[in-house]
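Me: I would like a close look at a single part of this predicted model. Please take one strand and follow its surroundings outward, in one connected account.

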Amino acid sequence: MQQPGAEPQVFVFLLVPGLSMMSLSSAIEPLRSLNRLAGRDAYRWRLASLDGAPVAASNGIDLPATRAEDLLPTADHLFVCGGLRIRSSDERRFLAVLRKAARSGISVGSLSTGTYLLARAGLLDGYRCTIHWENRPAFQEDFPDLNCTSKIYEIDRDRLTCSGGTAAMDLMLHLIAERHGATLAQQVANQFHHERIRDEGDDQRGGRLTMTA
């Protein structure tokens, strides 16, 4: 039963074709687990697409979705989930949705390569951001004026960017800790055998491992 004065926060995940299921699951599952441990719906989440049609993840699984425009009025956070294949006509529509969300005061973020869309929408000017280590060199060439770090995630005011994969879990655990306390966040982490909650100070290790292999 929802506690008085404690309305659930709503996360909308805007799906790009070819999105990473790992990143999406790592973002949603901590919210689900927190609800179970807290005994109430502290969080709700919705999957969105441009037209409400299902979107196929990179593993071929179709994910049902609701039209993004219909979900914006109730959203507290909008995360664009990066994918592999965006037609130029669709890219313009993605950018329009992201800009509308930002104008509406919604906290806007990205998972993995979704950072590209935030940058192209002009929503990262003057903000720190991050992206998966594999894409960071090309991103820096495309957007040399943006402060793209090598951190696993970056929270800069109302912009939340994440390098993807299991780093999305650390980002969500950080948000849970801010709202519900570190103890409950650690209990959520324990549900997934996530021994240490990484923070903004943690660098991505993938690139370094590749270079030294």
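Reply:

**Strand E1 and its surroundings**

In this predicted model, strand E1 covers residues 9–15 and is mostly covered, for six of its seven residues are buried. From E1 the chain passes through helix H1, residues 21–38, and arrives at strand E2; this β-α-β crossover is right-handed.

E1 has pairing partners that can be taken in turn. With strand E2, residues 43–49, E1 pairs in the parallel sense over six bridges. Within that pairing, leucine 14 has alanine 48 of E2 as its bridge partner. With strand E6, residues 77–81, E1 also pairs in the parallel sense, here over five bridges. Leucine 14 stands opposite valine 80 in E6.

The pairing can be followed further, beyond E6. Strands E6 and E7 pair in the parallel sense over five bridges, and leucine 78 has valine 108 in E7 as its bridge partner. E7 in turn pairs with E11, again in the parallel sense, over four bridges; there serine 110 is opposite threonine 161 of E11.

How many of the five residues of E7 are buried? Five of the five are buried. In a regular strand the side chains alternate between the two faces of the sheet. Both faces of E7 are covered: on one side Ser107, Gly109 and Leu111 are buried, and on the other side Val108 and Ser110 are buried.

The loop that follows E7 deserves a short remark. Serine 112 lies between strand E7 (107–111) and helix H4 (114–120). Most residues other than glycine have a negative phi. Serine 112, although not a glycine, has a positive phi of about 60°. The relative accessible area of serine 112 is 12%, and serine 112 counts as buried because this value is under 20%.

Returning to E1, one may ask which residues touch the most other members of the largest nonpolar core. They are Phe13, Leu15 and Leu24, in a core of 36 residues. The elements that give two or more residues to this core include E1, H1, E2 and E6, as well as strand E10 (153–156) and strand E11 (159–162). Helices H6 and H7 belong to that list too. The most comes from H6, which gives eight residues.

Leucine 15 can be examined individually. Leaving aside neighbours within four places in sequence, leucine 15 is in contact with Leu24, Leu47, Ala48, Val55, Leu63, Cys81 and Phe94. Apart from the largest core lies another one, of 32 residues, including Ala68, Val80, Ala119 and Cys129.

Leucine 47, one of the contacts of leucine 15, is found in strand E2. When residues up to four places away in sequence are not counted, leucine 47 touches Phe13, Leu15, Leu24, Ile28, Leu63, Pro64, Ala65, Thr66 and Leu71. By contrast, 23 Å separates the C-alpha atoms of leucine 47 and alanine 6, which are 41 residues apart along the chain.

Finally, helix H6 covers residues 167–180 and has 14 residues. From its first C-alpha to its last, H6 reaches 20 Å, close to the 20 Å expected at 1.5 Å a residue. Its buried residues are Ala167, Ala168, Met169, Asp170, Leu171, Met172, Leu173, Leu175 and Ile176. Just after H6, glycine 181 takes a positive phi of about 100°.

Terms used: Residues are numbered from 1 along each chain as its sequence is written. This is a predicted model: local features need pLDDT of at least 70, side-chain atom pairs count only at pLDDT 80 or more; totals for chains, interfaces and linings use all residues. Side-chain values use heavy atoms; hydrogens and water are left out. Buried means under 20% relative accessible area, exposed over 50%, partly exposed in between (1.4 Å probe, protein chains only). Two strands pair if DSSP finds at least two bridges between them. A crossover is right-handed if, with the strands pointing away from the viewer, the path from the first strand over the helix to the second runs clockwise. The expected span of a helix is 1.5 Å times one less than its number of residues. A nonpolar core is a set of buried Ala, Val, Leu, Ile, Met, Phe, Trp, Tyr and Cys residues joined through side-chain atoms within 4.5 Å. Contact means heavy atoms within 4.5 Å.
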